[in-house]
Amino acid sequence: SVLFLLKSLEQVRKIQASSSALLEQLCATYKLCHPEELVLLGHSLGIPKAPLRGCSSQALQQTKCLSQLHRGLFLYQGLLQALAGISPEVAPTLEMLQLDVANFATTVWQQMDSLGVAPAAQPTQSTMPTFTSAFQRRAGGVLATSYLLSFLEMAHHALQRLA
Amino acid sequence: MLSCGHIRISPPIVRLGDPVLASCTVSPNCSKLDQQPKILWRLQDEPVQPGDRQHRLPDGSQESLITLPHLNYTQAFLFCLVPWDNSFQVLDQAELLAGYPPASPSNLSCLMYLSNNSLVCQWEPGPETHLPTNFILKSYSRADCQYQEGTILNCVPKKRQSNCSIPRKHLLLYQNMVIWVQAENMLGSSESPKLCLDPMDVVKLEPPVLRALDAASGQPGCLRLSWKPWKPSEFMEQECELRYQPQLEGANCTLVSHLPSSQNQFELCGLHQAPVYTLQMRCIRSSLPGLWSSWSPGLQLRPT
Amino acid sequence: MLSCGHIRISPPIVRLGDPVLASCTVSPNCSKLDQQPKILWRLQDEPVQPGDRQHRLPDGSQESLITLPHLNYTQAFLFCLVPWDNSFQVLDQAELLAGYPPASPSNLSCLMYLSNNSLVCQWEPGPETHLPTNFILKSYSRADCQYQEGTILNCVPKKRQSNCSIPRKHLLLYQNMVIWVQAENMLGSSESPKLCLDPMDVVKLEPPVLRALDAASGQPGCLRLSWKPWKPSEFMEQECELRYQPQLEGANCTLVSHLPSSQNQFELCGLHQAPVYTLQMRCIRSSLPGLWSSWSPGLQLRPT
């Protein structure tokens with residue numbers, strides 16, 4: 001429905017804003033300003049990237065796109081939760097981002113529910129990386145947030161095509 | 001050593017003006033008292049009065065009963081006394097409270113503040129009850145507001161305040177939530193009508209930030225300005241209104257509607273009525289429910 | 001999954017300008033890295049630099065050692081990197097802190113406030129240490145200040161404040177207590193000189209309350225007033241001083257000393273220099289140690 005798409009586009013922009021705020025803060029506070037320098041660390045920690053192929057322009061199919069969008073948001077919600085204890089300065093921004101992602105996942109789930117395409121049960125969270133040092137939590141935060149931003153970019157385009 | 005006298009009241013809290021029934025029992029082994037003391041009563045500072053009836057109980061104690069027909073104090077002390085020399089001795093004291101059950105709280109309204117990400121609701125508590133009365137803002141999130149699923153959230157306002165702030169972590173944004181106020185004291189409880197709203201539909205929007213630009217075109221009677229939305233609301237699509245007025249006694253206002261929420265340069269011409277014009281803007285969420293922001297502070301500009 | 005690189009610094013906190021020795025160990029089973037990566041370092045935003053020495057450890061890991069001769073940042077991040085395509089990959093990051101051990105806090109002084117019955121002490125923290133430094137106001141009560149008996153009370157000031165308030169329930173009034181400040185951070189600790197005082201000897205006395213009276217005697221150039229001590233200090237015997245001055249440019253002040261702390265009527269005569277005189281009073285505890293109150297606000301009076 002139009003209402004769902006308008007609200008979703010606004011939520012994507014809201015999450016993009018809180019993601020950028022988190023990245024700015026991690027850069028200013030910990031000098032971790034280049035996600036591309038943390039890819040190797042991401043591999044060793046097992047930080048996942050959520051796929052959104054079902055929403056790409058070639059294969060845009062609403063039900064598949066919504067379900068991949070929901071699974072991706074659910075994954076990033078878990079990833080952001082795994083970063084808890086990152087640091088007192090950054091924790092409030094991280095909590096805000098995590099709540100915004102969780103609320104957007106609910107919006108998508110509600111839409112799938114009203115279209116009658118929602119699976120019977122909520123997805124189960126895959127195992128999350130464990131961060132064993134403050135640096136890993138901060139670097140993990142930079143990497144996960146930058147992956148979330150590119151995920152949202154694709155979601156934004158898909159939602160606009162659906163609108 | 002058992003205390004000599006003991007007051008019992010039922011009920012201890014009554015509606016203002018209702019009767020109160022009290023009894024005072026004086027135990028027989030209360031030393032220094034003669035066997036059948038004349039039990040007396042005193043309400044606050046009123047004159048001492050005898051009870052309605054005094055009789056002996058099986059265990060030998062004396063019991064006096066009194067009915068206060070209309071308790072007109074919201075708070076008062078009732079004393080049980082016995083005569084002593086040419087004065088009295090207080091044996092026991094009880095506190096009487098009177099007031100009203102709470103009326104239903106009314107005018108419940110809520111605003112979502114993006115600055116601290118909390119939903120603040122306020123209400124009218126209704127007439128004074130004269131009794132300690134607890135107000136609780138209750139809410140739960142549920143997409144279609146009918147069913148009551150998930151736990152009910154209780155938001156307890158600060159003392160004597162008729163507003164409460166629900167923090168971000170308890171809010172499910174972009175979903176409808178049901179909100180109401182419950183009021184309760186010793187004489188009863190009541191509830192306000194229920195509100196059903198999505199917090200993001202009641203965002204308290206702040207006005208945009210206006211900036212003067214030096215007029216590009218040489219044409220007289222023109223001025224240029226730019227504006228951008230209030231930073232925390234940038235993610236919301238908004239449309240805005242501009243009103244401007246020459247600084248003249250009783251000059252009327254011109255309104256320009258349906259403007260975008262941010263504009264790098266905007267030119268206004270035909271402004272010949274006065275050397276200085278005052279401009280203000282306000283915005284509202286577009287294509288989704290929302291509330292108008294207040295007007296921005298006046299920006300004084302000199303047309304060319 | 002063990003992380004690829006790990007920085008060790010000793011010590012993590014140094015005096016500003018001192019050297020720092022760091023090592024970064026890259027484990028052999030770090031996938032995607034060639035066997036013997038060139039380990040590099042970056043301090044804050046400075047250019048990337050190689051270590052002083054890199055060698056292979058028995059377990060096959062590569063270890064690079066670097067000495068930063070003078071750490072001139074009070075706070076900085078040190079990165080361990082390896083080359084990657086034509087950029088770098090960060091393997092680990094460590095936070096370096098530099099500053100100074102705390103100097104001894106000085107100018108410790110205390111005042112007893114009768115309004116909230118607490119002893120408030122304040123001090124000079126000394127030069128900036130650039131490091132998180134904790135200040136604690138320590139005290140114990142002991143009549144003759146030599147022995148240290150009973151537990152030491154710790155009063156922790158609010159963040160970044162150089163004062164602390166010891167509540168009434170921790171004070172043994174009319175007994176001497178020993179008070180000092182301890183400052184501590186990662187580079188050391190220090191203590192202020194010790195104060196030995198009875199809280200009641202440092203009461204912050206408020207000035208008396210003056211009231212004008214209409215002059216009784218018909219004699220010209222006279223005025224009458226009354227005063228009484230600040231209510232919370234009424235239990236303290238006090239003596240007071242009165243100063244008065246004609247409202248004239250550069251007029252000098254006359255002082256009347258050794259006045260009682262309360263006076264129902266006091267007459268001043270010989271006041272012919274100006275139509276209006278300004279009067280002020282202050283008091284001090286008499287026969288026991290005490291501090292002068294401040295002067296009362298000026299009272300303007302018209303002599304007859």
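Contact here means heavy atoms within 4.5 Å. This is a predicted model, where local features need pLDDT of at least 70 and side-chain atom pairs count only at pLDDT 80 or more, while totals for chains, interfaces and linings use all residues. Residues are numbered from 1 along each chain as its sequence is written.

**Exercise 1.** Work out what chain B and chain A each bring to their contact.

*Solution.* Start with the head count: 18 residues come from chain B and 15 residues from chain A. Next, take the buried area (accessible area, 1.4 Å probe, that two parts lose on being put together, summed over both). For this pair that's about 1600 Å², with 56% of it on carbon and sulfur atoms. Arg168(B), Tyr174(B) and Phe235(B) supply 41% of what chain B buries against chain A, more than any other three residues.

**Exercise 2.** Find the salt bridges between chain B and chain A.

*Solution.* Apply the rule: a side-chain nitrogen of Lys or Arg within 4 Å of a carboxyl oxygen of Asp or Glu. That gives 4 salt bridges across the interface. One of them pairs Asp198(B) with Lys7(A), at 3.0 Å from N to O.

**Exercise 3.** Which parts of chain B does the Cys222(B)–Cys269(B) disulfide tie together?

*Solution.* First check the bond (cysteine sulfur atoms within 2.5 Å): the two sulfurs sit 1.9 Å apart. Then place the ends: Cys222(B) is in the loop between β18 and β19 and Cys269(B) in the loop between β22 and β23, so the link spans parts 47 residues apart in sequence. Finally, look at accessibility (buried is under 20% relative accessible area, exposed over 50%, partly exposed in between; 1.4 Å probe, protein chains only). Cys222(B) is buried at 0%, whereas Cys269(B) is partly exposed at 32%.

Notes:
Chains are lettered from A and ligands numbered from 1 in the order in which they are written. Side-chain values use heavy atoms; hydrogens and water are left out. Helices (H or I, at least four residues) and strands (E, at least two) are DSSP runs, numbered from the N terminus.
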